[in-house]
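Student: I would like to go through this entry with you, working from the helix packing in one chain to the sheet in the other. Could we take it one question at a time?

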Amino acid sequence: MSQNDNTKPNGNSKKPARTGFRLTRLAQKELKETLRDRRTIVTLVLMPLLVYPTLSLIFKTFLLSNAALFSGGEVPELRVVYSGNVSKAEADFVFAKIGERVKFIDDKSSGSGGALLRPDDLDEEDESQSIGSGLKVDDLQPEDVGFPPWYLMRWQFIPPSANPSLAEYVEVGEADLGIIFDLNDPTRKRLGDFTIVSRQDPFSLAAADHLAKELEKANLADREFRLQMAGISIEPVVNIGRKLIGETVEQEAPSAFPLASLVPLILVLMTITGAVYPAIDLTAGERERGTLETLMAAPLPRVGILVAKFIAVLTVAIFTALLNLIGMFVTIWVFQLDQQFGGGIFDFRVMVQIFLLLILFGAFFSALLLAVTSFAKSFKEAQVYLIPIIILSLGPGLMAMAPGISLDGVNAVVPMVNILLLARDVINNEVVLVPSFVAVISTLVYTYLAICLAARIFGSDSILYSGDGSLVEMFQRPTRANVVVPLAATLFCLVMLFPLNFLSIGFLGRLPAETTADLSFRYGMMGVFTCLAFMVLPALVARHQKTSFRGGFGLKRPRIVFLLAAVLLGLSLWPLVMTMTEGWHAAYGILFGSEKQEQWHAKLIETTSEQVARIRMVSPFVILFSFSVIPAVCEEWFFRGMLLRSLLKWNSVWKSILISALVFGSFHVLSNSVIALDRLLPSTLIGVMLGYLAFKSDSIWPGVILHSLNNGIVVFLAYYQPALSSFSWFPGEDESIPVVWALVGLAVATTGVLLTRFAGSSGLPEKSSNATIESGEVL
Amino acid sequence: MISIQHLSKTFYAGRREIRAAVDVSFDVAPGEVYGLLGPNGAGKTTMMRMILGLLKPDKGYAEIAGHRSDHQPDEVKRQVGFVSAAAGVYQWLTGREMLGFFGEIYGLSEGEVETRIKELSAILDLSGFIDQGCATLSTGQKQRLSLARALIHDPPVMILDEPTLGLDVIGSQVIFNYIDILRERDKSIILCTHRLEQAQRVCNRFGLMHKGKKVLTGSLEDLQKQTGKSDLVEMFIDLIENDNVAPIQQV
């Protein structure tokens, strides 16, 4: 036919272009496609245009009503007394300077050229008069009032030697604040020191805060001030000290709105908004439109396709972040909200840092979104999955807004919380190096993990071709008997265990804990809950899945050698665990500073000793059952029985053992009502031991022995600690374990492991090839 | 060119076990069009997906130009042009952009892509809409674009799964004519279709599938001898109505 038949490129001879180049093209195409979609543009451009002005109006209303708490809607009057070696002119100048920087009240309307701070009309001879008399109150027009906190400030000189003294004026409430000037610097290179005297009631404290802030600003910025007072100097003009007098008064109203925490939250939520649509569109949407299969038929690695999509989603997220950042700053500037941030938010460096944090967060969340949306088969399904995720992510977001929470310890590694706290610290200029570093690194790690997960799910044939009813099918009863519980059913069990665990902790916490009978009942109930959650629920699921207990939970009688190994390990692991915990404490100190470590350690000791005191009230038999035997049997039943055996069916041995151990470890972290991260490593390690033992022996019974011995020893060491302490060889309550103990423990434990290792496998069902569609491809 | 060896695949949908392919083997030589035919749910699409390496077979393997699709999926994909009935187009790209994008993915240079687009748009009559956004195209235009997309890298092997689905008579005619051209150019082609008259004309050999099993195989003459029916439509009806093959156990 056509003459160029022979000149055409032939599939056989073509050189494959570099994968990197092709992936770049792929990312470009994804981006082009996304950006041409008008719906993307809506979230990208329109949202920031609408959201921030709306939000700022809400802020304004909120802040006004917040300020009204002080004065019932009136502009609060702040009565200040001052003292020290300062002339009236100098004092007026300082106060006026502060006022100049505040500009809360329109100059013209107040009529006296001053801002909100107005010099009083008293002459020098009036100085000794008590304040509150002879002061003229100007009329304030409500519409002239700007953003709170603002004050109508009056000041009055009190001579240092006067009686009543300045402090007494403040204390009895004749004045709200006192300022003591100390301008005694003979060189006059610096102005001197200010001491602000305030009562400990909300109004006085807030006013002191406000004044201190304004003084600091005046201090930093006002060159003219320094020139006039003392000539050019590089020293700070003032030092501001604080002195509190009187009783602490419970604060009734929030003195300042945590805007610095709110800004990152809003930006993060907006960044999420930008990434959601492209993430769904490029994964579930592509499957729905039928282009995914075509793409999978192209000679590109699946991971590569996903990475290209990730880049596209991230780019949109970054665009969104940038536009939102700009929108927010413009709004803050236009609506004069910057006073709420101490002005620092307009620092270019701060903006760049926040933008970088948003990119980091955007990367993490884009990867997470892709992992979730890759799992979905349609747009609708993806939305169903994403809504709970976004609502759940509000949790850490709000948590990060709580006052007093800081970027350290667990917070530094909790996704989203760490970035939000870091952004808040950036705005407040309070960045601490090590936790910030931990926050950034951990977010990068989460991003990587989320991409790996997404790559496993994305375009896998089970997602590409399975029907839409997979969630329902998970709950269907199989027609044939299963050897082990199917993984989907086990995962269902696992998911149910988390809320059950929290519920039982909460329920137990409400039980009385006064008398011995109370406590015995409580520990008895604890055993009942453990049984219900870890034993009865899995048993019911196994029955439903037509799985025999013997096979599904590994109930067969083990060989004696494994029992022996279990006894050795059960007797020897605890000193190792305790040493490890101490190591973790030390590492915590290095990471987050010794002060944090001591605080945390003190808290830990407090909760532990409280627990121990309760345990000692109860009979040792109750303790034996509820802390050693029941948890050992029930937890082995689920973690090494159901979970490990299900995992082993579709995964390699070590992967299964590690996953089951990590789940086991996480449960122990959550089982204390306080999140105790120090239990993660030791518990996971014991989980690995237990998993290995269960795998080799093909039975949970050796694990039950190990587990109950280990638990029993730890709890009874605490129980009989007072009696044991009378022996000179026994370490005291706050002493660490002797090195010899740890070494002996290590030796015995090693013997146990070697015994297990060389005992020969009992042949637990290993990874089998005939995996089903619903199988553990994902895990 | 194409060698299919004992491909088997079973799906589990909840309590049901669906055998989509049971030990299916066949070969397709260059210049041959192999018609993989069968009623809906016979397992044809599963076969094609396994051949291409999109779906992992439980047993057996497919080899294309010496590469096994389970071992070297990327090599196999490079040799194959794949058109499926479900193939969509990128609605926010134009036809030319989409072809260009796939050309680059298959490793063509910009010049090569341009030449190929010119050729293909002449043969498949794309020139009227190739610069239009794909969202605005008709079904027939989309399907032609899809075929052009699969051919952009001029692969030696074509796998066509219902390439004429939803097309009118003229639209299907364009596609079948082009399949003739491809055969003349020594391509190996596997064709799945329900347009039996055209299949009868265009295919050299057939494999009739039913419930995951290949029940009849050979040239049209062979089939006529085996069944005593003169054309494919009759054979089909016979196949479905009488279910005259050993029924596959539905567990």
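Student: Which residues of helix 11 of chain A meet which residues of helix 15 of chain A?

Tutor: The model is a predicted one, and what follows should be read in that light. On the side of helix 15 of chain A, the residues in this contact are Ile451(A), Ala454(A) and Ala455(A). By class, the contact of the two helices has six nonpolar, no polar and one charged residues. The partners contributed by helix 11 of chain A are Arg302(A), Val303(A), Leu306(A) and Phe310(A).

Student: How is the packing of helix 11 of chain A against helix 15 of chain A classed by its angle?

Tutor: Helix 11 (residues 302-334) and helix 15 (residues 433-457) of chain A pack with their axes 9 Å apart and at an angle of about 125 degrees. Angles of 65 to 115 degrees would count as roughly perpendicular and those over 145 as roughly antiparallel. Because the angle falls in neither class, helix 11 of chain A is, with respect to helix 15 of chain A, oblique.

Student: Is the crossing of helix 14 of chain A with helix 15 of chain A left-handed or right-handed?

Tutor: Helix 14 (residues 417-427) of chain A packs on helix 15 of chain A at an angle of about 140 degrees, with the axes 9 Å apart, and that makes the pair oblique. The crossing of helix 11 of chain A and helix 15 of chain A is right-handed. Where helix 14 of chain A passes helix 15 of chain A, however, the crossing is left-handed.

Student: How many polar residues does the contact of helix 14 of chain A with helix 15 of chain A have?

Tutor: Helix 14 of chain A brings Asn418(A), Ile419(A) and Leu422(A) to this contact, while helix 15 of chain A brings Ser436(A), Ala439(A), Ser442(A) and Thr443(A). Sorted by class, the contact has three nonpolar and no charged residues, and the number of polar residues is four.

Student: Turning to chain B, which strands stand at the edges of the open sheet of six strands?

Tutor: The secondary structure of chain B comes to nine helices and ten strands, and six of the strands form an open sheet in the order 6-7-8-3-9-10, with mixed pairing. An edge strand has a single partner strand, so one side of it is left without a neighbour in the sheet. In chain B the strands in that position are strand 6 (80-84) and strand 10 (213-218).

Student: Which residue is the bridge partner of Asp161(B) in strand 8 of chain B?

Tutor: Strand 7 of chain B runs parallel to strand 6 of chain B, to which five bridges join it, with Gly81(B) standing opposite Met158(B). Strand 7 and strand 8 of chain B also pair in the parallel sense over five bridges. Within strand 8 of chain B, the bridge partner of Asp161(B) is Cys192(B).

Student: Is strand 7 of chain B largely enclosed by the rest of the structure or left open, and how many of its residues are buried?

Tutor: Val157(B), Ile159(B) and Asp161(B) point one way from the strand, whereas Met158(B) and Leu160(B) point the other way, and all are buried. Strand 7 of chain B is therefore largely enclosed by the rest of the structure, the number of its buried residues being five of the five.

Student: Which strands of chain B does helix 6 touch where it packs on the sheet?

Tutor: Strand 3 (residues 32-37) and strand 8 (residues 188-192) of chain B pair in the parallel sense over four bridges, and Tyr34(B) has Ile190(B) as its bridge partner. Helix 6 (residues 169-184) of chain B packs on the sheet with a direction that makes about 155 degrees with that of strand 8 of chain B. The strands that helix 6 of chain B touches are strand 3, strand 7 and strand 8.

Student: What value is phi of Glu162(B) near?

Tutor: Glu162(B) lies in the loop between strand 7 and helix 6 of chain B, and it counts as buried because it has 21 C-beta neighbours inside 10 Å, the cut-off being 20 or more. Asp154(B), in the loop between helix 5 (139-151) and strand 7 of chain B, has a positive phi near 45 degrees. For Glu162(B), a residue other than glycine, phi is likewise positive, near 50 degrees.

Note on methods:
Residues numbered from 1 in each chain as written. Chains lettered and ligands numbered in written order. Predicted model: local features only at pLDDT ≥ 70, side-chain atom pairs only at ≥ 80, totals over all residues. Axes fitted to C-alpha atoms, helices over the stretch in contact; angles between N-to-C directions. Helix = DSSP H or I, 4+ residues; strand = E, 2+ residues; numbered from the N terminus. Parallel < 35°, antiparallel > 145°, perpendicular 65-115°, else oblique. Left-handed = near helix turned anticlockwise from the far one by under 90°. Contact = placed C-beta atoms within 7 Å. Nonpolar A, V, L, I, M, F, W, Y, C, P; charged D, E, K, R; others polar. Pairing = 2+ DSSP bridges. Buried ≥ 20, exposed ≤ 12 C-beta atoms within 10 Å, placed from the backbone.
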